[in-house]
Amino acid sequence: MSENIEKKWQKKWADAKLFESNPDEREKLFLTVAFPYPSGAMHIGHGRTYTVPDVYARFKRMEGYNVLFPMAWHVTGAPVIGIADRIKRKDPWTLDLYERVHGVPKETLPELEDPEFIVKYFSTEYHEVMEEMGYSIDWRREFRTIDPTYKKFIEWQITTLYEKGLVAKGEHPVKYCPNCDNPVGDHDLLEGEGVGVNELTLLKFPIGDKILVTATLRPETIVGATNIWLNPDVEYVLANANGENWVITKEAHYNLLNQIKDLEIISEINPNDLIGKMATNPFTGDELPIFPASFVSASYGSGVVFSEPADAPADYIALQDLKNNDELIAKYDLSGIIENLSGIIENVEPIPVCTLKGYGEIPAADIIERLGITDQNDEKLHEATNELYKQQHSKGRIIESIPDFGGMKVRFAREELKEKLINDNMATIMYDFAERPVVCRCGNNCVVKIMDDQWFMKYGNEEWTEKTLEVLEGETIIPHEIKNNFEYYLNWLDDWACSRKVGLGTRLPWDNQWLIEPLTDSTIYMSYYSIAKYLRDMNPDDLNRAFFDKVLLDKDSGDITVPAEKVKEIQDEFNYWYPLDWRLSAKDLVGNHLSFLMFHHSAIYPKDKWPKGTVVFGMGLLEGNKMSSSKGNVSSKIILNGFC
């Protein structure tokens with residue numbers, strides 16, 4: 001009965017064309033919500049996301065506004081390539097996911113080997129579900145981001161930015177999937193969305209003909225190094241790095257392969273053979289013992305850590321564990337060296353490096369005591385490290401007794417000492433994820449790769465950043481406290497890899513081997529919405545730069561091939577709806593898509609076309625994690641009917 005009532009009114013709405021929004025004398029309201037990536041069935045998170053703007057759109061119509069609420073499908077990028085590949089390989093988990101959870105008939109599964117079929121299949125299903133939900137969408141403006149007419153719009157957008165000097169080729173670390181042989185963005189990931197890339201200093205501690213290569217965020221603390229940590233429970237290798245024999249973990253080698261050319265494994269190496277021996281501090285010349293520690297990660301950095309227990313909570317508590325825990329010592333009863341190792345451990349004491357107001361001579365000891373941390377496996381250790389490192393970075397100073405750097409602020413000493421260490425071949429640079437895991441949608445672990453022929457958006461350009469901050473200042477942000485987050489990200493963003501070799505999408509007009517990546521082609525698509533009802537049936541060849549320059553920027557040109565009266569009609573429609581009144585998206589897009597939206601508007605459009613407001617949602621969670629169709633969390637057929 002209720003289904004019949006729904007169908008009755010949905011048909012009346014459609015017949016009356018109630019949601020087909022055209023310019024008129026009323027005050028307009030143009031709102032958009034993040035268009036979905038249809039790689040699987042919808043889930044309840046989608047239901048929440050698209051119901052909120054629909055409720056607001058209906059309310060504003062009741063108040064007398066002329067409301068435009070459009071929808072489209074974001075299908076650019078590599079995710080569906082990975083899905084199609086897994087289906088082609090007959091991966092059992094993927095086949096079960098798409099048949100049982102996403103509801104694809106068994107006989108249709110082979111067609112999902114074509115990535116374009118995947119996006120057409122599921123975008124059609126999304127459309128049907130949204131209609132069943134009764135959303136008040138103007139479907140005349142629907143498009144997919146691989147439509148030929150949309151590609152012409154993206155070519156115009158990227159070329160406009162390129163000619164302003166905001167797109168450039170250069171060398172930069174990027175998230176990378178070795179399996180896909182492609183840089184990846186957050187939209188390409190199964191896990192690791194929002195994870196940043198850290199620059200680490202690799203310090204070289206000689207030990208005979210080998211070098212223990214330690215990765216650190218804080219090279220200035222090398223003057224307080226007391227020992228080296230290795231984890232006896234992980235795999236280490238000896239690798240040739242430009243003639244040097246580096247000791248690193250096997251997992252570190254996998255990551256560094258994409259940053260250091262010809263990093264060849266010579267042999268595996270047993271860390272137990274090194275524990276108890278002495279390495280040399282390259283900066284001070286001091287002999288440092290090598291100790292075992294379980295907190296050392298095999299996958300982060302090099303898997304080798306130098307210990308500075310005065311200012312590093314993990315180093316301090318690990319040292320105390322070794323001194324005070326006979327069972328832990330016994331665990332590493334290594335070929336008769338325990339007695340010697342125990343004696344060495346007893347003699348190691350923290351060496352102060354930094355002073356910080358509110359802390360004593362050994363800041364790490366103070367924060368360990370304050371947080372009640374009991375051992376190196378305590379979950380609060382991460383919190384202690386973050387808190388102390390942040391405070392020392394912003395307020396700390398090097399102690400006066402340290403030559404050349406005494407009294408200097410920590411953040412300045414760090415850069416000066418790092419430069420000296422690199423120039424003297426005592427160190428080099430590597431990049432790693434701030435957190436792990438970072439997993440591509442193809443299922444492969446990602447690495448950080450140095451790309452030297454990649455195209456980048458120059459988000460680090462100071463003039464562009466300043467202009468974009470003006471966009472933010474003119475917007476209403478809901479909730480208001482998120483405005484500080486935006487300000488942080490706009491100032492923090494640096495060069496962004498805007499091109500890919502693999503995936504669906506639009507090719508760079510001036511360098512056809514590259515495709516424009518998904519976040520870069522989804523920054524000002526709300527402009528396209530405003531005129532999409534005209535463009536969808538036009539010849540893509542007519543949608544040249546001159547056409548978009550006239551319609552969107554009112555620049556005249558003799559190269560327009562579309563009749564003048566049609567151009568004026570399209571331009572009038574754009575000017576009626578633009579600027580965008582409200583943009584609604586989830587909080588995980590603040591640091592990328594929503595910030596990019598502001599950057600691109602500031603560069604391309606005059607001030608009167610800049611967006612007016614942004615609403616940031618929280619996210620629906622399942623067992624504490626963000627829901628995702630690609631992970632098979634839930635199915636629209638199961639959940640959305642109940643949501644109605």
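Modeller: Two strands count as a pair if DSSP finds at least two bridges between them. This is a predicted model, and the strand pairs in it can be set against that rule.

Colleague: What makes β6 and β17 a pair of strands?

Modeller: Strand β6 covers residues 197-207, and 7 bridges link β6 to β17 in the antiparallel sense. The rule asks for at least two bridges, so β6 and β17 count as a pair. One of the bridges joins Leu203 to its partner Ala427 in β17.

Colleague: Why is β17 called mostly covered?

Modeller: Strand β17 runs over residues 427-433, and 5 of these 7 residues are buried. Buried here means under 20% relative accessible area.

Colleague: How do you know that β19 and β21 pair?

Modeller: They share 2 bridges in the antiparallel sense, with β19 spanning residues 447-457. The rule needs at least two, so 2 bridges suffice. In β21, Ala497 is the bridge partner of Phe456.

Colleague: Which strands make up the open sheet that contains β19?

Modeller: The sheet has 4 strands in the order β4-β3-β19-β21, and the pairing is antiparallel.

Colleague: Why are β4 and β21 said to stand at the edges?

Modeller: Each has a single partner strand, so β4 (182-183) and β21 (496-497) both have one side without a neighbour in the sheet.

Colleague: What makes α14 and α15 roughly antiparallel?

Modeller: Helix α14 (residues 462-474) packs against helix α15 (residues 482-492) at an angle of about 170°, and their axes are 10 Å apart. Angles over 145 degrees count as roughly antiparallel, and α14 and α15 therefore fall in that class. The contact involves Thr465, Thr468, Leu469, Leu472 and Glu473 of α14, together with Lys483, Phe486, Glu487, Leu490 and Asn491 of α15. Sorted by class, these are 4 nonpolar, 3 polar and 3 charged residues.

Colleague: Why does Phe617 count as buried?

Modeller: The relative accessibility of Phe617 is 8%, and the cut-off for buried is under 20%, so Phe617 is buried. Phe617 belongs to strand β26, residues 613-617.

Colleague: What does Phe617 touch, leaving out residues up to four places away in sequence?

Modeller: Its contacts include Val33, Arg48, Val52, Pro53, Leu584 and Ala586. The C-alpha atoms of Phe617 and Ala586 are 4.5 Å apart, while the two residues are separated by 31 residues along the chain.

Colleague: Why is Lys17 called exposed?

Modeller: Lys17 has a relative accessibility of 52%. Exposed means over 50%, so Lys17 passes that cut-off. Lys17 sits in the loop between α1 (2-16) and β1 (28-33).

Colleague: What sets the phi of Lys17 apart?

Modeller: Phi of Lys17 is near 55°, a positive value in a residue that is not glycine. Most residues other than glycine have a negative phi. Lys90 also has a positive phi, near 60°, and lies in the loop between α3 (79-88) and α4 (92-101).

Colleague: Which peptide bond before Pro437 is cis?

Modeller: The bond from Arg436 to Pro437 is cis, with omega about 5°. Pro437 is in the loop between β17 and β18 (439-440). Another cis peptide bond joins Tyr578 and Pro579, where omega is about 15°. Pro579 lies in the loop between α18 (564-577) and β25 (582-586). Most peptide bonds are trans.

Note on methods. Residues are numbered from 1 along each chain as its sequence is written. This is a predicted model: local features need pLDDT of at least 70, side-chain atom pairs count only at pLDDT 80 or more; totals for chains, interfaces and linings use all residues. Side-chain values use heavy atoms; hydrogens and water are left out. Buried means under 20% relative accessible area, exposed over 50%, partly exposed in between (1.4 Å probe, protein chains only). Contact means heavy atoms within 4.5 Å. Axes are lines fitted to C-alpha atoms, for helices over the stretch in contact, and angles run from 0 to 180 degrees between N-to-C directions. Angles under 35 degrees count as roughly parallel, over 145 as roughly antiparallel, 65 to 115 as roughly perpendicular and the rest as oblique. Ala, Val, Leu, Ile, Met, Phe, Trp, Tyr, Cys and Pro count as nonpolar, Asp, Glu, Lys and Arg as charged, and the others, Gly among them, as polar.
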